[in-house]
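I set out to record what could be looked up in this entry, chain by chain and then across the contact between chains. The notes follow in the order in which I made them.

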Amino acid sequence: MTAKRKAPISDSARLPAGLVQYAPLGLLIAAALALLVVSSVRPQLGEGVRTRSTDLLAPALSAVGQPIGALSNLLTTLSNLTELRAENERLRTENDRLRAYQTAVIQLEAENKGLRDLLKMPLVTEQREVVGRVIVDAGGPFSRNIIVLAGNRDGVRTGLPALAAGGLVGRVVSAGQNSSRVLLISDLNARVPVLIERTRQRAMLSGDGGATLRLSDLPTDAQIKAGDRLVTSGAGGIYPPGLPVGVARADENGRVVVEPIADLTRLEMVQILDPGTPADLLTPESSQPLPPALRGGAGGR
Amino acid sequence: MGENEHWHKVSDSARNVAPFLLVLLLTFISVVPLQVPGYSGIAPPLALLAIFYWGVYRPELLPAPAVALLGALQDILTGAPLGQYMLIYLLVQASLISQRQLFLAHAFFILWWGYALIALLAAIVLWLIAAAVLQTLPALTPFLLQACMGIALFPLVAWLCHRLSRLLADDV
């Protein structure tokens, strides 16, 4: 009889113990859910914490990443050994082609300088660049961003464009003291106003987390074909104009997609470009009036 | 005597933080660049595998606040909305409260199967979060691929955790 009475007391005593044991987990789940809702509605709220934490962790990430990157590179090299001869041949052909381009560039540079001298326009040499090593390449299926080991201390600030292998990679969305986060152009939220270099028609490039970019907002009479290069248009002031972004090609369904010039899937180093503020670029010399002979049509530049 | 006690305390502390440090290291490894084309888009959160392991075998060594901290760290490093991985990791830990006895009583294959099930459910939750944040339905395939990568790597991470667990037990 006594035993029968004691059993329920024992069970009820165990229940609060379980509650006490799992209450912190329940509370943390509720807190995580609340944080998720708040950070989804106001993404900028936690940005300061994110930037400071990344700054703090940057040395450790760099230390962990270096041996892993070296090992990965070694494995890639070993697996590519069989293709070395073909790769060598391809590089030789590309080198010949680039030499021809180099000659053309030298000629154009000289011609450009001559024209600038004629207009009494100074050469724009204020552009600065910072090269940073990629220490985090993460994101997940739809979010694509990297963390670069270069920050405010090196002159990096929010909004600057990042390039690799001569092609646009993305832009700095937050910059800490010694590290910065770059949102890649392949991110689902990334939008890049572009020009089709051949036709000078404007369009919009957007990412979908994959290897290629989608082209939208093309004019109805747009003429685009495989091999057309796309460069930033500078519209909206997000990116400076003229930065190479990608090359158009048709996908397996016949739709036009854009292949980024930079290999966004294997980023090791990126170049963060500071084109300088307009005040940097203006010198008293550049604000001089045009020579009388060039006033009129040429003055429209 | 006093010195021995001191070293015993240091050893105890090291044992308590070792699982956390291992998961932290796995978090770092899962986000550093591997130079493998397309890998970063489907790189599995390696930390989740270890959190699952410790949640089954030694939950006392990785308590909920530590799991929450590791989730926040994953959010910070990957640029995910804050709270996303924190929630996923904690939900995985919560799911183990009722299931860990089952996993403990069976062979490794059942544990692997259990992880596969939980990883796929976590992928669907991640996909739903992405849909809510982006206000559009993204493709489910990359999320499932990410989960499959984790499932494939589970034996390796479980072996690592097992080795550490044995090391800590020998140290007692």
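Entry 1, chain B. I first looked up the secondary structure and found seven helices and zero strands in chain B. Read from the N terminus, the order of elements is α-α-α-α-α-α-α. I note at the outset that the model is a predicted one.

Entry 2, burial and contacts within chain B. Chain B has 172 residues, and 53% of them are buried. I then turned to contacts in chain B with a separation of 6 or more, and noted that residues 24 or more positions apart account for 72% of them. For the surface, I recorded an exposed area of about 7900 Å² for chain B, with 71% of it supplied by carbon and sulfur atoms.

Entry 3, the interface. I looked up how many residues take part on each side: 41 of chain B are in contact with 44 of chain A. The two chains bury about 3700 Å² between them, and carbon and sulfur atoms carry 73% of that area. I searched the interface for salt bridges and the rule returned zero. For polar contacts between chain B and chain A, I recorded eight residue pairs, both residues of each at pLDDT 80 or more. On the side of chain B that touches chain A, at least two residues each come from α1 (2-31), α2 (39-42), α4 (64-78), α5 (84-105), α6 (108-134) and α7 (141-171). By class, I entered 30 nonpolar, 10 polar and one charged residues for that side of chain B.

Entry 4, one residue of helix α4. I chose Ile76(B), which lies in helix α4 of chain B. Is Ile76(B) buried or exposed? I entered Ile76(B) as buried, because its relative accessible area is 9% and the cut-off for buried is under 20%. Setting aside neighbours within four places in sequence, I listed the contacts of Ile76(B): Arg50(A), Ser53(A), Thr54(A) and Arg181(A) in chain A, together with Leu82(B).

Entry 5, one residue of chain A. I looked up Asp274(A) and found it in strand β12, residues 269-274 of chain A. Asp274(A) has a relative accessibility of 8% and therefore counts as buried. Which side chain does that of Asp274(A) join in a polar contact? I found Arg157(A), with a polar contact of 2.9 Å between the two side chains.

How values were computed: Residues numbered from 1 in each chain as written. Chains lettered and ligands numbered in written order. Predicted model: local features only at pLDDT ≥ 70, side-chain atom pairs only at ≥ 80, totals over all residues. Heavy atoms only, no water. Contact = heavy atoms within 4.5 Å. Buried area = accessible area lost by both parts, 1.4 Å probe. Salt bridge = Lys/Arg side-chain N within 4 Å of Asp/Glu carboxyl O. Polar contact = N/O pair within 3.5 Å; in protein donor to acceptor, adjacent residues only side chain to side chain. Nonpolar A, V, L, I, M, F, W, Y, C, P; charged D, E, K, R; others polar. Buried < 20%, exposed > 50% of the residue type's maximum accessible area, 1.4 Å probe, protein only. Areas by Shrake-Rupley, 256 points an atom, 1.4 Å probe, with all protein chains shown as cover.
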